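Biologist: I should like to learn how to read the features of a protein model. May we go through some of them in turn?

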Amino acid sequence: MVKKLFMKKRFNSTGVCVSRKHYMVDISNKIKQIKKLINNEFYFTINRPRQYGKTTTLNEINNELSDKY
């Protein structure tokens, strides 16, 4: 019998959040809106204070678009 060890999720307050490791808010709608902007060749900014998920959002966009570009 093989036991699988699962890492418990934890809160992350520094760096990029990874959904399999960290508790995260669902940002899929935000990513869809940003993808529409990119596909329509619009400029956009991500301008928020500290710890609002800017880096995590950019990382998720990179993951979504890496196959296409």
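Modeller: Let us begin with a definition: a salt bridge is a side-chain nitrogen of Lys or Arg within 4 Å of a carboxyl oxygen of Asp or Glu. Please keep in mind that this is a predicted model.

Biologist: How many salt bridges does that rule give here?

Modeller: The general idea is that side chains of opposite charge can pair when their charged atoms come close. In this structure the count comes to one salt bridge. The side chains of Glu64 and Lys35 form it, with 3.3 Å from N to O. The pair links distant parts of the chain, since Glu64 belongs to helix α2 and Lys35 to helix α1, 29 residues apart.

Biologist: Are Glu64 and Lys35 buried or exposed?

Modeller: Buried means under 20% relative accessible area and exposed means over 50%, with partly exposed in between. Glu64 has a relative accessible area of 42%, so it is partly exposed. Lys35, at 27%, is therefore partly exposed as well.

Biologist: Which residues have a positive phi although they are not glycine?

Modeller: Most residues other than glycine have a negative phi. Here, Glu41 has a phi near 60°, a positive value, and the phi of Gln51 is also near 60°. Glu41 is placed in the loop between α1 and α2, and Gln51 is placed in that loop too. Glu41 counts as exposed because its relative accessibility is 71%; Gln51 is exposed, with a relative accessible area of 56%.

Biologist: Which residues lie nearest the centre of the largest pocket?

Modeller: Gln51 appears again here: with Cys17, Tyr52, Gly53 and Thr56, it lies nearest the centre. The lining has 19 residues, and the space in the pocket is about 430 Å³. Helix α2, residues 54–65, gives the most to this lining, with four residues. Sorted by class, the lining residues are seven nonpolar, nine polar and three charged.

Biologist: Which residues make the nonpolar surface patch?

Modeller: A patch is made of residues with over 30% relative accessible area. In this model Leu37, Phe42, Phe44, Ile46 and Leu58 make a nonpolar patch of about 420 Å². Phe44 sits in the loop between α1 (28–39) and α2. Its relative accessible area is 32%, so Phe44 is partly exposed.

Biologist: How far apart in space are Asn39 and Ser13?

Modeller: Their C-alpha atoms are 31 Å apart, and 26 residues separate Asn39 and Ser13 in sequence. Asn39 lies in helix α1 and is partly exposed, with a relative accessible area of 40%.

How values were computed:
Residues are numbered from 1 along each chain as its sequence is written. This is a predicted model: local features need pLDDT of at least 70, side-chain atom pairs count only at pLDDT 80 or more; totals for chains, interfaces and linings use all residues. Side-chain values use heavy atoms; hydrogens and water are left out. On a 1 Å grid over the protein atoms alone, a cavity is a set of points where a 1.4 Å probe fits but cannot get out, and a pocket is an open set with protein on both sides within 12 Å along at least five of seven lines; lining residues have an atom within 4 Å of a point. Grid points are joined across faces, edges and corners, and a volume is the space filled by probe spheres set on the points. Helices (H or I, at least four residues) and strands (E, at least two) are DSSP runs, numbered from the N terminus. Ala, Val, Leu, Ile, Met, Phe, Trp, Tyr, Cys and Pro count as nonpolar, Asp, Glu, Lys and Arg as charged, and the others, Gly among them, as polar. Patches are made of residues with over 30% relative accessible area and no salt bridge: like charges are joined within 9 Å, nonpolar side chains (Val, Leu, Ile, Met, Phe, Trp, Tyr) within 5 Å. Accessible areas come from the Shrake-Rupley method with a 1.4 Å probe; for residues, only the protein chains shown count as cover. Buried means under 20% relative accessible area, exposed over 50%, partly exposed in between (1.4 Å probe, protein chains only).
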